[in-house]
Amino acid sequence: EKEIIKKVSTAVGYGKSYGGTLPTGGSMSNFMSLIMARDKKEPSIKDKGMMNQKFVAYTSENSHYSLAKNSSFSGIGRKNIRYIMSNKKGEMDVLSFEKQLKKDINNGFVPFYLNATAGTTVLCAFDPIEKLSKICQRHNIWLHVDGAFGGAVIFSKKHRNLLKGISKTDSFCFNAHKTLGTPLSTSVLVVNNKEYLYNSFSNEATYLYQTHNEEYNLGQTSFECGRRNNALKLWAMWKAIGTKGLAKIIDHEFELADFARKYVTKNKDYKLYNFDNSLSICFNYKDFDAEDICLKMYEANKLMVGFGKFKKQTFIRLVTINAENTKSDISAFFSILEKFVADNKHKLKKQKHI
Ligand SMILES: *Cc1c(COP(=O)(O)O)cnc(C)c1O
């Protein structure tokens, strides 16, 4: 675990004070970052609870739903999250964030946390971390990057520019069980300054922690008391295939996505909804209802693919995060879909036009 945290922190570009832990997943990583941000802003909350502090947290309208639950668990409150508008690519709009921030400060609120996403769940969009980090530093706001989906691009020379500015964040997480294909769950959370991890998560427990060497008391920086050795899965994989091997997985997944995206853009029967640099391909086929196609193909045991929504549009969402797949698997996906639609066109609902 210590080795994994060290290597990931180095890849991120955090300095000597780095730290981290392996939480149960992305939702928990996000939760822990929110707690650290809260305690950094107002240390007394740990003992006294929230005392009418007017704390507000920020995230994009496309961020993962765990932030809403986490805000409730942490005493911040679901209504104190500001969902910032995104541009048409699904990336957080920096100007809208700044505007909202100014408005909140003028109204006496205390901004303390921004949750940016590296690979939003539906479109796989990457928020502009570098620009956001400058604003956060200016206003003493904790910047966490939720890379549960796309954060593993950190290992790819070709794609890590999607995380530009990542070294200037306070915390970062990614799920190796998504894009890298380790077994569930392998989630890594790293922090720029481990002091905050200890500050929020260490507790005296004289019946445990008897070895006195803080460096090896990993229970002092984790949420759970007993937990599994989740780091081993990533450690073994990394040891076996090296950083180059991890990069190859990521690069291959992007190649599959490009292949699928090209197929969709070259064929007039398809309409594409998202852009380059994404591991999900969102599209509609002919004028059929995406939700209905997905459901009926699933019930007919033909194909399992999900649908997604963005700014009132619904579409089929093909996610290319299985590195075992080849281009011919992607081609097979489209032929099965096309044949299914041809065979069932009278039973399928038509798309609702907005
Ligand atoms: C999947 C996902 C999560 C949740 O991760 P779990 O490990 O399932 O808790 C959080 N954020 C994003 C962006 C995700 O895609």
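**Strand pairing, ligand shell and two residue environments**

Strands β10 (residues 306–310) and β11 (residues 313–319) run antiparallel and are joined by five bridges. The model in which this pairing is found is a predicted one. Within the pair, Phe307 has Ile316 of β11 as its bridge partner. The two strands form a hairpin with two residues between them. In this hairpin, Lys311 adopts a positive phi near 40°.

The ligand is surrounded by 13 residues. The closest of these are Gly26, Ser27, Asp146, Asn175 and Lys178. Sorted by class, the shell contains nine polar residues, two nonpolar residues and two charged residues. Three side chains place a polar atom at a short listed distance from a ligand oxygen atom. For Ser27, a polar side-chain atom lies 2.8 Å from an oxygen atom of the ligand. The corresponding distance is 2.9 Å for a polar side-chain atom of Lys178, and 3.0 Å for one of Asn175. Of the 380 Å² of accessible area that the ligand has on its own, the protein covers 82%.

Asp146, one of the closest residues to the ligand, is also in contact with Thr117. Thr117 belongs to strand β4, which spans residues 110–117. The relative accessible area of Thr117 is 2%, so this residue is classed as buried, the cut-off for that class being under 20%. With residues up to four places away in sequence left out, Thr117 touches Ser63, Ala125, Phe126, Asp127 and Asp146.

A second residue environment was examined at Arg78. This residue is found in the loop that runs between α4 (66–73) and β3 (81–84). Arg78 has a relative accessibility of 48% and therefore counts as partly exposed, since the exposed class requires a value over 50%. Leaving out residues up to four places away in sequence, the contacts of Arg78 are Ala68, Lys69, Ser71 and Ser72. Residues 66–73 make up α4, and the contacted residues Ala68, Lys69, Ser71 and Ser72 carry numbers within that range. Arg78 and Leu234 are separated by 156 residues in sequence, and their C-alpha atoms are 34 Å apart in space.

Thr117 and Arg78 thus fall into separate accessibility classes, Thr117 being buried at 2% and Arg78 partly exposed at 48%. Thr117 is located in a strand, β4, whereas Arg78 is located in a loop.

Note on methods:
Residues are numbered from 1 along each chain as its sequence is written. This is a predicted model: local features need pLDDT of at least 70, side-chain atom pairs count only at pLDDT 80 or more; totals for chains, interfaces and linings use all residues. Side-chain values use heavy atoms; hydrogens and water are left out. A residue is near a molecule or strand if one of its heavy atoms lies within 4 Å of it. A polar contact is a pair of N or O atoms within 3.5 Å; within protein, one must be able to donate a hydrogen and the other to accept it, and residues adjacent in sequence count only if both atoms are side-chain atoms. Accessible areas come from the Shrake-Rupley method with a 1.4 Å probe; for residues, only the protein chains shown count as cover. Ala, Val, Leu, Ile, Met, Phe, Trp, Tyr, Cys and Pro count as nonpolar, Asp, Glu, Lys and Arg as charged, and the others, Gly among them, as polar. Helices (H or I, at least four residues) and strands (E, at least two) are DSSP runs, numbered from the N terminus. Buried means under 20% relative accessible area, exposed over 50%, partly exposed in between (1.4 Å probe, protein chains only). Contact means heavy atoms within 4.5 Å. Two strands pair if DSSP finds at least two bridges between them.
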